[in-house]
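Visitor: I am new to this structure and would like a close look at a single part. Please keep to that part and what surrounds it.

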Amino acid sequence: MLSSLLALLISLLLVGITATTGARFRPDNWYRELRKPRWTPPDIAFPIAWGVLYLLMAIAAWRVYMADASPLRTAGLIVYGLQLAANAAWSWLFFGRKQIDAALVDIVLLLGLITLTIGLFVNVSALAAGLMVPYWLWVALALVLNTSILRLNKA
């Protein structure tokens, strides 16, 4: 097993790689011109929220990795990796490809994977599972926002 510090650095690196799609594919004029619900968070809220959430996610995965080896630990880390991939895909689909409907399918999958991750993590580390809850809440809000934007901008 990796040393604790090295494992934490790798966990931070993995979420950093995931975050690069959000940095590369971000709101532009197309997004600004979309009709959005009045309750849409201000643009500045997104990088702040994601910065905090990515840190919490990295710590959660690190805590699970550092726990005793078990099938639940392994399953939790695999599903965690899958949700990172779904997370990275959303910005590319929504902002990069401008496919609001495909992004909606992705975010439904993402929320399901986060839910499964929390369910697996709680059996390994209650703290790790708890650290994932704010992420679940933010993605649930993003799902509702994605749905609203799709509905408001149907041609």
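Visitor: Leaving aside its neighbours within four places in sequence, which residues is T18 in contact with?

Guide: This is a predicted model. Beyond its neighbours within four places in sequence, T18 is in contact with Y54, L84, N87 and A88. T18 itself is in helix α1. Its relative accessibility is 6%, so T18 counts as buried, the cut-off being under 20%. A polar atom of the T18 side chain lies 3.1 Å from the backbone oxygen of L14.

One of the contacts of T18, Y54, leads to helix α3, where Y54 is buried along with A49, L53, M57, A58, A60, A61 and V64. These residues cover an arc of only 165° around the axis, which means that they are on the same side of α3. The face turned away from that buried side carries the exposed residues P47 and I48. Helix α3 spans residues 45–66, 22 residues in total, and reaches 32 Å from its first C-alpha to its last, close to the 32 Å expected. The cover over its buried residues includes α1 (4–24), α4 (71–96), α5 (100–121) and α6 (126–152).

M57 of α3 also belongs to the largest nonpolar core, which has 43 residues. M57, Y80, F94, I107, F121, M132 and Y135 touch the most other members. The elements giving two or more residues to this core are α3, α4, α5 and α6, and α6 gives the most, with 12 residues. Y80 is in contact with V15, M57, A58, A61, T117, F121 and M132, again leaving aside neighbours within four places in sequence.

Definitions and conventions:
Residues numbered from 1 in each chain as written. Predicted model: local features only at pLDDT ≥ 70, side-chain atom pairs only at ≥ 80, totals over all residues. Heavy atoms only, no water. Helix = DSSP H or I, 4+ residues; strand = E, 2+ residues; numbered from the N terminus. Expected span 1.5 Å × (residues − 1). Buried < 20%, exposed > 50% of the residue type's maximum accessible area, 1.4 Å probe, protein only. Arc of directions from axis to C-beta. Contact = heavy atoms within 4.5 Å. Polar contact = N/O pair within 3.5 Å; in protein donor to acceptor, adjacent residues only side chain to side chain. Core = buried A, V, L, I, M, F, W, Y, C linked by side-chain atoms within 4.5 Å.
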